[in-house]
Amino acid sequence: MAGPLLRSLWSTTIKSLSSSSSFSSSTAPLRPFLYPRAHAYSLPLCFSAVAGAAAAADTASSLDPNRLRNVAVIAHVDHGKTTLMDRLLRQCGAEIPHERALDSISLERERGITIASKVTSISWKENELNMVDTPGHADFGGEVERVVGMVEGAVLVVDAGEGPLAQTKFVLAKALKYGLRPILLLNKVDRPSVTEERCDEVESLVFDLFANLGATEEQLDFPVLYASAKEGWASSTFTKSPPIDARNMSDLLDAIIRRVPPPTASLDRPFQMLVSMMEKDFYLGRILTGRVSSGVIRVGDRVHGLRRTDSGVEKIEEGKVLKLMKKKGTSIVLIDSAGAGDIISMAGLTSPSIGHTVANMEVMTALPTVELDPPTISMTFSVNDSPLAGRDGTHLTGGKIGDRLLAEAETNLAINVLPGLSDSFEVQGRGELQLGILIENMRREGFELSVSPPKVIKMYKTENGVKLEPLEEVTIEINDEHVGLVMEALSHRRAEVNDMGPVAGSEGRTRLSMTCPSRGLVGYRSVFSSDTRGTGFMHRAFLTYGKYRGPLGNVRKGVLVSVGHGTITSYALLSLEPRGTLFVTPGMESYDGMIVGEHSRDTDLDVNPVRTKELTNVRAASKDETLKLTPPRLMTLEEGIGYVASDELIEVTPKVIRLRKKYLDANKRKMMRNKPKD
């Protein structure tokens with residue numbers, strides 16, 4: 001009603017102005033007397049009142065929570081979440097600079113995975129959709145837990161060929177726990193192996209998964225859509241090639257508007273926001289992102305940060321809102337105000353972090369924080385004390401390493417940092433991949449450090465006199481010729497097969513479902529990739545605590561340990577090749593205690609890789625022929641994390657990854673040799 005009324009007032013004012021101007025033209029000398037000075041300001045006052053009312057009406061409509069939809073896109077890894085987000089952005093007019101536009105971190109683009117959750121907004125039919133893209137890998141499950149409380153709905157993406165897998169169960173359980181009613185999207189239906197019968201079968205599997213996770217009747221009544229995110233279309237009915245005019249995401253966007261409820265929030269209550277994400281900017285400082293729980297926030301408002309403690313609510317900091325931002329499409333725009341139910345970013349406070357509450361000055365109640373699952377593995381980060389330390393990196397001291405780890409723990413609640421002895425820190429996380437990403441980021445930032453092999457946290461517990469250990473559910477999809485090799489390797493790691501059968505729609509592929517102790521899976525991923533020649537898929541998720549299955553079998557052979565310091569020579573490596581597999585090339589630097597290869601037997605062997613050919617006064621033409629060496633096995637960071645034993649370390653520098661013994665001196669290693677391994 002405000003819009004037509006204001007337009008009528010404006011037109012009336014214009015008409016009166018035009019008539020007054022025509023009258024005054026004929027009586028110009030009388031103008032000062034006919035129009036006193038006070039009347040000269042009546043038009044600007046009327047105009048400002050009308051314009052102010054119009055601006056207020058536009059602001060009120062933009063802050064209306066009923067036009068908002070907050071949705072998370074959740075799925076198993078590689079089921080097409082980020083590609084789907086690209087197509088939704090294009091559908092709503094956003095400019096996409098490249099494929100997987102929301103994967104803004106360099107490691108995400110290099111590895112083709114999503115590491116951190118991203119929030120963006122799109123407009124569709126006078127509604128604003130705040131979309132959250134989440135990681136699909138189990139190691140980054142904390143990102144899903146952290147943002148699922150910000151939304152009122154979820155799009156569950158499932159590969160129509162693979163069906164629901166381990167991480168599908170995890171993300172769906174979190175969504176159901178918060179009372180969300182997911183929309184099921186069967187992706188990749190354009191594949192030749194996907195039929196309507198296969199889609200019906202996957203839909204039944206998803207329904208069973210909902211029921212097993214305790215879904216309510218409302219949650220079980222989920223809509224099903226069929227899509228090909230790669231080709232950019234979604235349909236409410238099964239099809240493999242929709243008409244040209246229907247090759248878009250309109251059906252999915254309409255389903256989100258129809259099925260996801262708007263946020264239930266009040267604009268009249270005082271402002272409160274729970275911080276769910278945090279990033280740092282060189283100019284703005286901390287940028288806090290979260291969902292506005294109630295009230296309205298404007299630039300310049302006085303706010304303060306609150307956190308819950310054992311003794312009650314504690315005030316962290318007072319400050320003023322300097323900037324309000326919102327990501328629209330792939331760009332960040334500045335806004336003047338935001339209302340309840342919206343997801344925004346703000347700058348101006350320097351102390352609050354994830355899990356804290358930002359509120360108006362009169363509010364002294366902190367919002368409940370999100371409960372995260374505890375970490376599962378830990379690694380020890382310490383100062384690099386090898387003889388080659390300090391050659392490549394710029395951040396070498398324990399203080400700098402500790403500051404960097406604490407800063408990471410502040411922005412990623414799934415990581416815990418505990419101080420240790422002599423400039424060492426125990427870093428706890430969800431998996432080897434998550435901690436490997438952290439180490440890689442630190443390496444690229446110029447850090448040098450030594451890293452211990454991962455170990456399982458809270459490995460054992462006792463109930464009713466029975467020793468229990470954590471078991472994980474493992475799903476493996478491999479070629480038929482690799483089944484024997486994989487099953488033999490996992491048998492040494494105390495795995496038990498629950499189910500085995502062919503993969504639907506894929507000839508020559510086998511799917512294995514098994515349970516395995518968490519300690520048995522540490523370091524196995526790189527071995528699995530090597531055994532399957534990169535063609536296998538392995539997914540794992542925590543299942544339960546089960547009876548202790550005994551010590552692990554022989555999962556690794558011994559290593560070749562250097563006892564010489566200097567430059568590695570091809571002459572020495574030629575004589576070491578029959579001893580095992582080499583990890584080094586001629587010209588690399590070596591030192592006492594450095595691991596230069598894998599022994600062909602189960603015991604460690606001390607070798608001298610820097611030995612040179614003795615000079616004599618007799619030379620023949622055949623003596624100096626070029627030596628031909630077998631190409632070495634150069635360790636990557638992930639392979640090194642999975643390879644090292646409990647008495648070994650990984651030396652990480654910006655340029656080189658080296659493996660070494662924990663004790664560099666050969667005599668001390670002999671003293672510690674009888675100590676049992678973990």
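Start by selecting helix H12, which is mostly covered: eleven of its 13 residues are buried. Keep in mind as you click around that this is a predicted model. To see the covered part of H12, colour Glu432, Leu433, Gln434, Leu435, Gly436, Ile437, Leu438, Ile439, Glu440, Met442 and Arg443, which are buried. Want a quick geometry check on the helix? H12 runs over residues 432-444, and at 1.5 Å a residue its 13 residues should span 18 Å; the end C-alpha atoms are 18 Å apart, so the two agree. Now step just past the end of H12 to Gly446, where phi is positive, at about 100 degrees.

Next, jump back along the chain to helix H4, residues 81-91. Eight of its eleven residues are buried, so the rest of the structure largely encloses this helix. Pick out Lys81, Thr82, Leu84, Met85, Asp86, Arg87, Leu88 and Leu89 to show the buried set. What do the buried residues of H4 pack against? Switch on S1, strand S2 (118-124), strand S3 (127-133), S4, S5 and helix H10 (250-259), and you have the partners. Just after H4 there's another glycine to look at: Gly93 has a positive phi of about 90 degrees.

While S1, S4 and S5 are still on screen, go for the largest nonpolar core, which has 35 residues. Leu156 and Leu186 are the residues with the most contacts inside this core. The elements that supply two or more residues to it are strand S1 (68-75), helix H6 (141-147), strand S4 (153-159), helix H7 (166-177), strand S5 (183-187), helix H8 (196-212) and strand S6 (224-228). Centre on Leu156 and show what it touches beyond four places in sequence: Ile74, Thr168, Val171, Leu172, Pro182, Ile183, Leu184, Leu185, Val206 and Phe210. Apart from this core lies another, of 29 residues; select Leu405, Ala409, Val417 and Ile641, which are among them.

Now for the outside. Go to Phe282, in the loop between strand S8 (272-281) and strand S9 (285-294). Is Phe282 buried or exposed? Its relative accessibility is 86%, so Phe282 counts as exposed. Add Tyr283 and Leu284, and the three together make a nonpolar surface patch of about 480 Å².

Last stop: Thr603, in the loop between strand S32 (595-599) and strand S33 (605-607). Draw a distance from its C-alpha to that of Lys557: the two residues are 46 residues apart along the chain, yet these atoms are separated by 6.9 Å. Leaving aside neighbours within four places in sequence, Thr603 is in contact with Gly558 and Val559, so add those to the view.

How values were computed
Residues numbered from 1 in each chain as written. Predicted model: local features only at pLDDT ≥ 70, side-chain atom pairs only at ≥ 80, totals over all residues. Heavy atoms only, no water. Patch = residues over 30% accessible without salt bridge, like charges linked within 9 Å, V, L, I, M, F, W, Y side chains within 5 Å. Areas by Shrake-Rupley, 256 points an atom, 1.4 Å probe, with all protein chains shown as cover. Salt bridge = Lys/Arg side-chain N within 4 Å of Asp/Glu carboxyl O. Helix = DSSP H or I, 4+ residues; strand = E, 2+ residues; numbered from the N terminus. Buried < 20%, exposed > 50% of the residue type's maximum accessible area, 1.4 Å probe, protein only. Core = buried A, V, L, I, M, F, W, Y, C linked by side-chain atoms within 4.5 Å. Contact = heavy atoms within 4.5 Å. Expected span 1.5 Å × (residues − 1).
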